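Thanks for asking me to look this one over. My notes are below, in the order I would go through them with you at the bench.

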Amino acid sequence: MNIEEYKQLSEEEEKQFYKELSEKLERNEDFINAVQKTFDKYISKKCLIELNKWQQFK
């Protein structure tokens with residue numbers, strides 16, 4: 001959609017446009033949060049493994 005098409009939207013079409021956009025952003029945010037949690041969990045586990053290795057050599 002370009003700006004001219006956007007300007008021609010009715011009020012109801014504009015509401016629907018923003019509703020769909022909002023839903024997509026929420027799904028993306030959920031996905032990003034899930035990836036971040038998984039990444040954090042993996043990194044934390046990896047750091048603990050490395051810390052344990054380092055402590056064993058001490």
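**Notes on the model**

1. Salt bridges come to four in this protein. Please keep in mind as you read that the model is a predicted one. As background, side chains carrying opposite charges can pair when their charged atoms come close.

2. Let me start with the pair in helix α1, which covers residues 3–7. Here Lys7 and Glu4 join their side chains in a salt bridge, at 3.9 Å from N to O. The two residues are three apart, about one turn of the helix. Lys7 counts as exposed because its relative accessibility is 58%, above the 50% cut-off. Glu4, at 44%, is partly exposed.

3. Next come two salt bridges in helix α2. Glu23 pairs with Lys19, with 3.9 Å between the closest N and O atoms. These two are four residues apart in helix α2, so about one helical turn separates them. Both are partly exposed: Glu23 has a relative accessible area of 35%, and Lys19 is at 45% relative accessibility.

4. Further along helix α2, Lys53 and Glu50 meet through their side chains at 3.6 Å, N to O. They sit three residues apart, again about one turn of the helix. Lys53 is partly exposed at 40% relative accessibility, and Glu50 is partly exposed at 39%.

5. Now to the rings. There are three aromatic pairs by the rule used. One of them joins Phe17 and Tyr18 edge-to-face, with centres 5.2 Å apart and 80° between the planes. Ring pairs link these two residues with Tyr6 into a cluster. Phe17 is partly exposed, with a relative accessible area of 29%, and Tyr18 is partly exposed at 40% relative accessibility.

6. Tyr18 also has a part in a nonpolar surface patch of about 280 Å², which it makes together with Leu21 and Leu25. Leu25 belongs to helix α2, residues 11–57. With 51% relative accessibility, Leu25 counts as exposed.

7. What does the overall fold look like in terms of helices and strands? The protein has two helices and zero strands. Its C-alpha atoms fill a box of roughly 70 × 15 × 10 Å along the principal axes. The radius of gyration is 23 Å, whereas a compact globule of 58 residues would have one near 10 Å.

8. Last, the surface. Of the 58 residues, 2% count as buried. The protein exposes about 5,800 Å², and carbon and sulfur atoms supply 57% of that area.

Notes. Residues are numbered from 1 along each chain as its sequence is written. Side-chain values use heavy atoms; hydrogens and water are left out. Patches are made of residues with over 30% relative accessible area and no salt bridge: like charges are joined within 9 Å, nonpolar side chains (Val, Leu, Ile, Met, Phe, Trp, Tyr) within 5 Å. Accessible areas come from the Shrake-Rupley method with a 1.4 Å probe; for residues, only the protein chains shown count as cover. Buried means under 20% relative accessible area, exposed over 50%, partly exposed in between (1.4 Å probe, protein chains only). Rings of Phe, Tyr and Trp (its six-membered ring) pair if their centres lie within 6.5 Å; planes under 30 degrees apart count as stacked, over 60 as edge-to-face and the rest as tilted. The radius of gyration is taken over C-alpha atoms; the globule rule is 2.2 Å times the number of residues to the power 0.38.
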